[in-house]
Amino acid sequence: GIAIPHGGLKPLPGMRTKADEDRALLPALRGGNDGWAVVGKGGRGVNTSNMVDGKFSALVGTAPPVPARQGDRQAAAAGAPSGPPAEKKEEKPNSPEQMEKKIKSLLDEYLSVGDAAEALLCVKELGAPSDFLPRIPEMFLEKILDNAKPREKELLTKLSLALVQRGAITSEHLVAGYRRHTDILDDTMIDIPLAPQLLGEFFATAVYESVFKLDQLPSLLEKIEAGEARRAYVAPLLVRLRSLKGEPWLIEQCKAGGVGLDKAFALCEDLDPPDLPSVEEFAKSKGLHNLPM
């Protein structure tokens, strides 16, 4: 219906007045138990209900809290924060890449300070698995081959042998790491011409320090195909051993270890130039002709 604009006339039967519309729009203003508080004398009759027509009103009183989800209630009861669980970041064990970075760092520190005991402690603290251990001396030898200065070469050789002498790795681990260089010596000497000599001198020092044995040499030569590479490797090795231990000792050890010059200095027809000296001529030129053939 339409509200009567003028309050002086009585409404016809069935017509709605302005007051009717106000009461319909704002039922809570009528007071009583369904709406806002009706305060009588002395403040009596206060109603704190916020129910309007059976529903909660956001404008009246204090609405009850929103019911918590079942998962949140269980989490709160257990003392855990509500909501989805935070993702846990699991710490990964040392990867080979991480351990190699640590080894490079300890080598730089060692070559700067020269503290072998500290370097060995760092190696032990790596906690590296057995299959990674040959990589440690392999990296030490890489440093020697990488244009190391005489003092650096001496320090690196000392530390490499100390790995075995102090129980950080076994002699088998050292030989395995060393073999990774001799196995590719044909290719390495193209980029590093001094590689055969440096590796040979390292082997001789290891034999002198009782870390390597001379009878390990024949197996190391198996992967070196070119005779020129073998000669460049074995000759400095034998010359250094002769200077360290004497020729009689060297002759005896070559016989016992199956080291013969005919195999150590043999040439390969497919890989070596035809004008290279014979085994006998080359041995004589190095002063090694008294060793067993």
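Which backbone nitrogen does the side chain of Asp 272 reach at 2.6 Å? In the predicted model described here, the partner is the backbone nitrogen of Cys 268. A further backbone nitrogen, that of Gly 227, lies 2.8 Å from a polar atom of the Asp 272 side chain. Asp 272 itself is located in the loop that runs between helix 13 (261-264) and helix 14 (279-285). When neighbours within four places in sequence are set aside, the residues in contact with Asp 272 are Ala 226, Gly 227, Glu 228 and Leu 267. Although Asp 272 is buried, no salt bridge is found for this residue. The nearest side chain of opposite charge belongs to Arg 230, at a distance of 5.7 Å, whereas a salt bridge requires a nitrogen and an oxygen within 4 Å.

The overall composition of the chain provides the setting for these local features. The chain comprises 293 residues, of which 33% count as buried. Its secondary structure consists of 14 helices and two strands. Among contacts with a separation of 6 or more, 62% are made between residues 24 or more positions apart.

Charged side chains were examined next. Six salt bridges are found in a search of the whole structure. Glu 100, Arg 135, Glu 138, Glu 142 and Arg 180 are linked in a network of such bridges. Within this network, the side chains of Arg 135 and Glu 100 meet with an N to O distance of 3.1 Å. Arg 135 belongs to helix 5 and Glu 100 to helix 3 (residues 96-113), so this salt bridge ties together parts of the chain that are 35 residues apart in sequence. The two partners differ in their surroundings: Arg 135 has a relative accessible area of 15% and is buried, while Glu 100, at 22%, counts as partly exposed.

Arg 135 also forms a salt bridge with Glu 138, in which the closest N and O atoms are 3.4 Å apart. These two residues are separated by about one helical turn, because they stand three residues apart in helix 5. Both Arg 135 and Glu 138 are buried; for Glu 138, the relative accessible area is 13%. The network continues from Glu 138 to Arg 180, whose side chains meet in a salt bridge at 2.8 Å, N to O. Here Glu 138 is contributed by helix 5 and Arg 180 by helix 7 (residues 171-182), so the pair ties together parts that lie 42 residues apart in sequence. In contrast to the buried Glu 138, Arg 180 is partly exposed, with a relative accessibility of 35%.

Attention then turned to the open space at the protein surface. The largest pocket holds about 230 Å³ of space. Its lining is formed by Ile 144, Lys 153, Glu 154, Leu 155, Thr 157, Lys 158, Leu 198, Glu 201, Phe 202, Thr 205 and Arg 240. Two or more of these lining residues come from each of helix 6 (150-165) and helix 9 (195-208). Of the contributing elements, helix 6 gives the most, supplying five residues.

Two loop residues were distinguished by their backbone geometry. Asn 147, which is not a glycine, has a positive phi of about 55°. This residue is placed in the loop between helix 5 (135-145) and helix 6, and its relative accessible area of 70% marks it as exposed. A positive phi, near 60°, is likewise found at Ser 210, again a residue other than glycine. Ser 210 occupies the loop between helix 9 and helix 10 (217-221). With a relative accessible area of 65%, Ser 210 is exposed.

A final position considered was Lys 245, which is found in helix 11 (residues 227-245). Lys 245 counts as partly exposed, its relative accessibility being 34%. The C-alpha atom of Lys 245 is separated by 10.0 Å from that of Val 207, a residue 38 positions away along the chain.

Note on methods
Residues are numbered from 1 along each chain as its sequence is written. This is a predicted model: local features need pLDDT of at least 70, side-chain atom pairs count only at pLDDT 80 or more; totals for chains, interfaces and linings use all residues. Side-chain values use heavy atoms; hydrogens and water are left out. Helices (H or I, at least four residues) and strands (E, at least two) are DSSP runs, numbered from the N terminus. Buried means under 20% relative accessible area, exposed over 50%, partly exposed in between (1.4 Å probe, protein chains only). Lys and Arg count as positive and Asp and Glu as negative; His and the chain ends are not counted. A polar contact is a pair of N or O atoms within 3.5 Å; within protein, one must be able to donate a hydrogen and the other to accept it, and residues adjacent in sequence count only if both atoms are side-chain atoms. Contact means heavy atoms within 4.5 Å. On a 1 Å grid over the protein atoms alone, a cavity is a set of points where a 1.4 Å probe fits but cannot get out, and a pocket is an open set with protein on both sides within 12 Å along at least five of seven lines; lining residues have an atom within 4 Å of a point. Grid points are joined across faces, edges and corners, and a volume is the space filled by probe spheres set on the points.
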